[in-house]
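Q: Please take a close look at the disulfides of this protein. Tell me which parts of the chain they link, and follow the strands they touch to what lies along them.

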Amino acid sequence: MTFRRIGRISRALVVSMAVVLGMSACGGYTVGFMWVLGTQYNQIAGFKIDDYTGNLTTMVNSPYPSGGANPVSIAVRTGGNFVFVVNKGTGKGDGNVAVFAVGEDGILTFQATYNTAGNTPVWAAGDGTGGYLYVLDSQAPDYATTGNGDITVFAIDGSTGRLQLVPNQLIKNAQGQQLNYFEVGPAPTTMRVGGQCLYTLDSGDQTIYPYGIGGSGQLTVETNSRIIVGQTGVTNLTSMNVSGNYIFITDAAPTPTSTGGRILPYTAGAGCSLSPQADGAVANLPTTSDPVYSLTDSKNKFLYVVNHSSTNSNYANSTISAYVIETTGALVPISDPQNPYPVGNGPVCMVEDPSSQYVYTSNSNDGSITGKFINPNTGQLSDLSRGSVFSATGLATCLAVSGNVD
C-alpha cells in the first residue's frame, strides 16, 4: 500500500467521522440540543450546540408550534427521546401539556396534548428515572374555596411518550373517589426535585411545600407539610434551586443592604425538611435587580443567579450574579471585576450545556439567547469565541437542553 493511498484513506475516515458526529469546518461536533419557548407566537425554537465554540445553529423546521397557548415551561425525559411543554393557556381552562418526540438532529415531532387536573399549569419536572412527570398547576380543582395550587402526576410511556394520570392513593373526595391531584400552597410558581423530595415554591404565602417521592408515582405528605421561609422581610420569593443537600431560594424584595434582593441558603434534612444555614441570607451583588432564576453547575461548585433587571447604567440589559458554593453550602461571590455578568434583555431561565462548558439564558424582552463560557476552575463567565447572542423566538420564556436521544 502506497503512502498516497494511505493518505486518501485517512482523509476519507476523517470526512466520515465528521459526517457522523456533525462536525464542520467552522467548529466541532454537535454536543447537545436546545429548545427555547416563546409566548409571542406560541413557538419552540430549536438549536444544535457546537462543542468547540458553544455556537448555536438552528434546527431543521424550527421554530415548531408549541401545541397550545403561552408555553412557559419545558422538561426533557431522561434519555432525551421526548420533550414535554407546559402551555399555560389564556386563563380559560385551555392550558395543557404537549408531548414531542425528539428525532435526528433534535427535530421535534408533535405527539399529543394532555390536560392537567387543575387549571393554568406553570411548571414541569421529571422524576429523574424517566418514569414520571410532575406538572404544577397554579389553580387546584378546589381553588375557588382554598386558593391553592396542585401537582398533577403523569406516568410516562418510555416508548411512545404517552402520559397516563396517576391518582392520589391517599386522599378521596366527598364522593369516595380518589383525587387526581396533590394539593400544594397558594400561587405556586416552580418546583424542584431533590433526592426523594419534591419541593414547591408558593408565592402566595412565601412558603415551600414538600412532598416525598414514593413508589408508583405517588407523592407522600411529610411531617413538615408547609415550610415557612423564616428570614425577616421575605416578601417576594421568585425561584428555588437544589444542589445536593443544599437548596438556594431567591427573594427579589430589596433590602437595606441590596437593591437586588438576596439568596436564602437552606440545608435539606430528614422528612424533606429545610433548615436555614447558620450564615443566613446572602445579599445579591451590587447593581443587580429582580433575581428570577438560579442555576447550579453540574459539579455543584458554582451558583448563578439570573437578574431580570439591572441598576447599572453601563449595562443596557440584565445580569448573572456568580457565587462559589463552599463545602458548608455558604456562598461567596466569585472574584471577578466583570461579576455580575451582562446578558440579554429580561432573562427568565438558564441552562448548562450537556458537556458542562457553557451556560445560556433565555431573554424574554428581546427574544434572544445569551451564551457564556464557564471557567471550570473559577466559575468565571466569559463571552463565547464566535458571538454570544442568538435570536430565539418572541417573548422567550424557559429553555431546556439534551445531550442524547436514546
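A: Start with the rule. A disulfide is a pair of cysteine sulfur atoms within 2.5 Å. In general terms, it is a covalent bond between the sulfur atoms of two cysteines. Keep in mind that this is a predicted model. By the distance rule, the count comes to 2 disulfides. Now number the bonded cysteines along the chain: the pattern is 1-2, 3-4.

Take the pair of Cys197 and Cys272. Their sulfur atoms sit 2.1 Å apart, and the two form a disulfide because that distance is within 2.5 Å. This pair links distant parts of the chain, 75 residues apart. Cys197 is in strand S15, while Cys272 is in the loop between strand S21 (262-268) and strand S22 (274-276). The angle about the S-S bond is -90 degrees, and the link of Cys197 and Cys272 is left-handed.

Are these two cysteines buried or exposed? The cut-off helps here: buried means under 20% relative accessible area. Cys197 has 10% relative accessibility, so this residue counts as buried. Cys272 has a relative accessible area of 3%, so Cys272 is buried too.

Next comes the pair of Cys349 and Cys398. Their sulfur atoms are 1.7 Å apart, and they form a disulfide. This pair also links distant parts of the chain, with the two positions 49 residues apart in numbering. Cys349 belongs to strand S29 (residues 347-352), and Cys398 belongs to strand S34. Cys349 has a relative accessible area of 1%, so Cys349 is buried. Cys398 has 7%, so Cys398 is buried as well.

Now follow the strands. Strand S15 covers residues 197-202 and also holds Asp202. At 0% relative accessibility, Asp202 counts as buried. What lies by its side chain? A polar atom of the Asp202 side chain is 3.2 Å from the backbone nitrogen of Gly185. Gly185 is also among the contacts of Asp202, once neighbours within four places in sequence are left aside. The others are Val184, Pro186, Ala187, Pro188, Thr207 and Tyr209.

Go to strand S21, beside the loop that holds Cys272. Here we meet a salt bridge, and the structure holds 2 of them. Arg262 forms one with Asp251, and their closest N and O atoms are 3.4 Å apart. Arg262 is in S21 and Asp251 is in strand S20 (residues 246-251), 11 residues apart. Both partners are covered: Arg262 counts as buried at 13% relative accessibility, and Asp251 counts as buried at 0%.

The other salt bridge joins Lys372 and Asp383, with closest N and O atoms 2.8 Å apart. Lys372 lies in strand S31 (residues 368-374) and Asp383 in strand S32 (residues 381-383), so the pair ties together parts that are 11 residues apart in sequence. Its two ends differ in cover. Lys372 is buried, with a relative accessible area of 5%. Asp383 counts as exposed, at 52%.

Strand S34, home of Cys398, leads to the core. Nonpolar side chains tend to be buried together in soluble globular proteins. In this model, the largest nonpolar core has 49 residues, and Met34, Ile151, Leu219 and Tyr360 touch the most other members. The largest share of this core comes from S34 (residues 396-402), which gives 4 residues.

For a strand that is covered along its length, look at S7 (residues 96-102). In S7, 7 of its 7 residues are buried. Both faces are covered. One side carries Asn96, Ala98, Phe100 and Val102, and the other carries Val97, Val99 and Ala101.

S7 also has partners on the chain. Strand S6 (residues 82-87) pairs with S7 in the antiparallel sense over 6 bridges. Among these, Val85 has Ala98 of S7 as its bridge partner. Strand S8 (residues 108-114) runs antiparallel to S7 and is joined to S7 by 6 bridges. There, Val97 stands opposite Tyr114. S7 and S8 form a hairpin, with 5 residues between them. In that turn, Asp105 has a positive phi of about 60 degrees.

Note on methods: Residues numbered from 1 in each chain as written. Predicted model: local features only at pLDDT ≥ 70, side-chain atom pairs only at ≥ 80, totals over all residues. Heavy atoms only, no water. Buried < 20%, exposed > 50% of the residue type's maximum accessible area, 1.4 Å probe, protein only. Polar contact = N/O pair within 3.5 Å; in protein donor to acceptor, adjacent residues only side chain to side chain. Contact = heavy atoms within 4.5 Å. Core = buried A, V, L, I, M, F, W, Y, C linked by side-chain atoms within 4.5 Å. Pairing = 2+ DSSP bridges. Salt bridge = Lys/Arg side-chain N within 4 Å of Asp/Glu carboxyl O.
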